[in-house]
Amino acid sequence: MEELLKKINKQKLPKHIAIIMDGNGRWAQDKGEDRLYGHFHGVESVRRIVEASAELGIQYLTLYAFSTENWDRPQQEVDGLMALLVDTIHKEIDDLNKNNIKLHIIGDMQMLPHFAQSELKEAIASTKNNTGLNLIMALSYSSRWEIVNAVKNIALDVKAGKVDAQSINQEVFQQYLSTKNFPDPELMIRTSGEYRISNFLLYQLAYSEFYFTNTCWPDFKKEDLYNAIIDYQTRERRFGKTGKQIQEAIQ
Ligand code: IPE
Ligand code: IPE
Ligand code: MG
């Protein structure tokens, strides 16, 4: 682990890492267990990766925990996930504060059961003055929901005379997204060997580097995060320019 850590260039850390935490169900089923057993162990990985990110000095970590489409799963799994979420947040508040971590939620909070909404509000309020890692949980989140919502709110503001339609540009639009206070992720990781975005941060991932691993989320360790960052640091991010232009700009 120390060897891996040494390979990370601290000057070139991504500011924002986003993770699609996938594979809990298959991980459990491979062990002959119920899917919820996988979610339960997934929480351990969340703890490890939040800790590793804070230790490294990552500023923003977005974790995709529950999508809008996940509401269509069997009721027993949805209920189990909600209970696990509330229980985890409740237990973790003290540690979040101890580690100076600020919690944010993106997603359609109104879809969540009331007991979950109040627990989350409490955790957000309790951590709001922390200045370390920003932990952004995507809950009942989908990017199409977010984008359509942004368009609706812009239209309402134009109608109310608060925004001039001609002045709408990328900066203005970005202010209507639930990620308005966060920079775009430089690195997006998906576990469990699936190569898709599944309605996650479609707008914000425009120029992110993607890292896929076959490891299922409950098996994802600090070392796996380090490997993803090391891989990211080998990439040349060109943003449409030529490699030569990028090299010249560095010199
Ligand atoms: C990710 O694991 C967690 C959630 C979507 C809540 P999955 O539950 O999707 O696990 P697989 O992909 O079915 O194995
Ligand atoms: C994406 O995983 C959502 C989360 C990890 C929370 P899914 O397991 O729901 O995605 P699909 O259905 O395989 O695309
Ligand atoms: Mg899945």
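How far does a polar side-chain atom of Arg73 lie from an oxygen atom of ligand 2? In this predicted model, the distance between that atom of Arg73 and the oxygen atom of ligand 2 is 3.3 Å. Taken alone, ligand 2 exposes 390 Å², and the protein buries 78% of that area.

Two other side chains also approach oxygen atoms of ligand 2: a polar side-chain atom of Ser198 lies 2.6 Å from one, while an N or O atom in the side chain of Asn70 is 2.9 Å from one. The residues that surround ligand 2 include Ile20, Met21, Asp22, Tyr64, Ala65 and Phe66, together with Arg190 and Arg196. Sorted by class, this shell holds five nonpolar, two polar and four charged residues, and strand β2, which covers residues 60-67, gives the largest share of it with three residues. The space that ligand 2 takes is the largest pocket.

We can now turn to ligand 1, where Arg73 appears again. Here a polar side-chain atom of Arg73 lies 2.7 Å from an oxygen atom of ligand 1, and of the 370 Å² of accessible area that ligand 1 has on its own, the protein covers 88%. The elements that give two or more residues to the shell are α2 (24-30), α3 (35-56) and α4 (75-98), and the largest share, three residues, comes from α2.

In total, 13 residues surround ligand 1, and the closest are Asp22, Gly25, Arg26, Arg35 and Arg73. The side chain of Asp22 has an N or O atom 2.8 Å from an oxygen atom of ligand 1, whereas Gly25 uses a polar backbone atom, which is 2.9 Å from an oxygen atom of ligand 1. By class, the shell around ligand 1 divides into three nonpolar, five polar and five charged residues.

Definitions and conventions: Residues are numbered from 1 along each chain as its sequence is written. Chains are lettered from A and ligands numbered from 1 in the order in which they are written. This is a predicted model: local features need pLDDT of at least 70, side-chain atom pairs count only at pLDDT 80 or more; totals for chains, interfaces and linings use all residues. Side-chain values use heavy atoms; hydrogens and water are left out. A residue is near a molecule or strand if one of its heavy atoms lies within 4 Å of it. A polar contact is a pair of N or O atoms within 3.5 Å; within protein, one must be able to donate a hydrogen and the other to accept it, and residues adjacent in sequence count only if both atoms are side-chain atoms. Accessible areas come from the Shrake-Rupley method with a 1.4 Å probe; for residues, only the protein chains shown count as cover. On a 1 Å grid over the protein atoms alone, a cavity is a set of points where a 1.4 Å probe fits but cannot get out, and a pocket is an open set with protein on both sides within 12 Å along at least five of seven lines; lining residues have an atom within 4 Å of a point. A molecule sits in a cavity or pocket if more than half of its atoms lie within 2 Å of its grid points. Helices (H or I, at least four residues) and strands (E, at least two) are DSSP runs, numbered from the N terminus. Ala, Val, Leu, Ile, Met, Phe, Trp, Tyr, Cys and Pro count as nonpolar, Asp, Glu, Lys and Arg as charged, and the others, Gly among them, as polar.
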